[in-house]
Amino acid sequence: MKRDPVPDYGPMALYYVKLAELYDSIGNQEQVEAVLKEVDSMPEGELAVGLARAKIRLNHSDDEGAAAILREVSVRYPDNYKVLVELGDLEFKLKDYKRALESYNRAGAGWFGGAQLHLSIARSLRATGRDSEAVDQCRMAEALATPDVDVKSSCAEIRASAKNK
């Protein structure tokens with residue numbers, strides 16, 4: 001008998017990250033810790049707790065603290081796409097472009113990657129002065145997201161800034 005494929009929604013523990021963020025937003029630290037304690041007992045709970053603590057730090061404008069947490073989580077989960085992309089985005093925001101590029105490359109290692117990942121890599125390459133590589137990544141991003149106007153306009157900006165250099 002043929003079975004319909006069941007979509008993979010990821011670890012259940014990740015669904016509780018938003019709940020912890022919600023409790024934090026209303027200042028209920030006791031509930032935050034209760035949720036995170038419960039999550040930690042679930043499969044891949046350590047991953048979810050790390051992501052939740054990083055997001056809470058970000059919500060409190062502690063970018064450096066969030067980056068430190070994500071770096072620690074990325075050591076324990078070196079192949080986790082979500083952790084690596086969030087870490088790369090944060091490192092880019094902190095203007096640590098080389099580290100951002102490393103995180104994005106680790107996120108895409110072993111597989112083709114999506115348009116947003118290639119666009120993020122292109123932005124990091126552009127920020128480090130590697131313009132021709134950035135343009136190549138834009139070609140990949142555009143090929144993967146042909147109808148996406150945001151990708152096209154971002155790549156147009158990257159190409160224009162590379163030409164003006």
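Select R159 to begin: in this predicted model, its relative accessible area is 25%, so R159 counts as partly exposed. Now add E142 and look at where the two side chains meet. They form a salt bridge, with N and O 2.6 Å apart. This pair ties together distant parts of the chain, since R159 sits in helix α9 and E142 in helix α8, 17 residues apart. Is E142 buried or exposed? E142 is buried, because its relative accessibility is 15% and the cut-off for buried is under 20%.

**Step back to the whole chain**

Zoom out and colour by secondary structure. You should find 9 helices and 0 strands, so don't go hunting for a sheet. Going from the N terminus, the order of elements reads α-α-α-α-α-α-α-α-α. The C-alpha trace spans about 55 × 55 × 30 Å along its principal axes. There are 165 residues in the protein chain, and 41% of them count as buried. If you switch on a surface, about 10,000 Å² of the chain is exposed, with carbon and sulfur atoms supplying 53% of that. As for contacts between residues at least 6 apart in sequence, 48% join residues at least 24 apart.

**Into the core**

In soluble globular proteins, nonpolar side chains tend to be buried together. Here, the largest nonpolar core contains 19 residues. Select L117, L119, I121, V151, C155 and I158, which have the most contacts inside that core. Helices α5 (81–93), α6 (97–108), α7 (115–127), α8 (131–144) and α9 (149–163) each give two or more residues to this core. Which helix gives the largest share? That is α7, with 6 residues.

Keep C155 selected and show what surrounds C155. Setting aside neighbours within four places in sequence, C155 is in contact with L119, C138, A141 and E142. You have already met E142, as the partner of R159 in the salt bridge. C155 is buried, with a relative accessibility of 0%. C138 is buried too, at 0%. Two cysteines in contact may make you look for a bond, but the structure holds 0 disulfides.

**Along α7 and α9**

Next, pick S120 in helix α7. S120 counts as buried because its relative accessibility is 12%. Leaving out residues up to four places away in sequence, S120 touches D89 and Y104.

Then go to A162, in helix α9. A162 has a relative accessible area of 18%, so A162 is buried. Which residues does A162 contact, beyond its neighbours within four places in sequence? They are R126, D131 and V135. Draw a distance between the C-alpha atoms of A162 and V135: the model puts them 8.1 Å apart, although 27 residues separate the two along the chain.

**Two salt bridges within helices**

A search of the whole structure finds 14 salt bridges, and you have seen one of them between R159 and E142. For another, select R76 and E72. Their closest N and O atoms are 2.9 Å apart. Both residues lie in helix α4 (residues 63–76), 4 residues apart, or about one turn of the helix. R76 is partly exposed at 35% relative accessible area, and E72 is partly exposed as well, at 47%.

Now move to K82 and E86, whose side chains form a salt bridge with an N to O distance of 3.3 Å. These two are in helix α5, again 4 residues apart and about one turn of the helix. How does accessibility split this pair? K82 is partly exposed, with a relative accessible area of 39%, whereas E86 counts as buried at 19%. The cut-off explains the label on E86: buried means under 20%.

**Last stop: a nonpolar patch on the surface**

Finally, turn the surface back on and select M12, Y15, Y16, L19 and L22. Together these residues make a nonpolar surface patch of about 480 Å². L22 is in helix α1 (residues 17–25), so colouring that helix will help you find your place.

Key: Residues are numbered from 1 along each chain as its sequence is written. This is a predicted model: local features need pLDDT of at least 70, side-chain atom pairs count only at pLDDT 80 or more; totals for chains, interfaces and linings use all residues. Side-chain values use heavy atoms; hydrogens and water are left out. A nonpolar core is a set of buried Ala, Val, Leu, Ile, Met, Phe, Trp, Tyr and Cys residues joined through side-chain atoms within 4.5 Å. Buried means under 20% relative accessible area, exposed over 50%, partly exposed in between (1.4 Å probe, protein chains only). Contact means heavy atoms within 4.5 Å. Patches are made of residues with over 30% relative accessible area and no salt bridge: like charges are joined within 9 Å, nonpolar side chains (Val, Leu, Ile, Met, Phe, Trp, Tyr) within 5 Å. Accessible areas come from the Shrake-Rupley method with a 1.4 Å probe; for residues, only the protein chains shown count as cover. A salt bridge is a side-chain nitrogen of Lys or Arg within 4 Å of a carboxyl oxygen of Asp or Glu. A disulfide is a pair of cysteine sulfur atoms within 2.5 Å.
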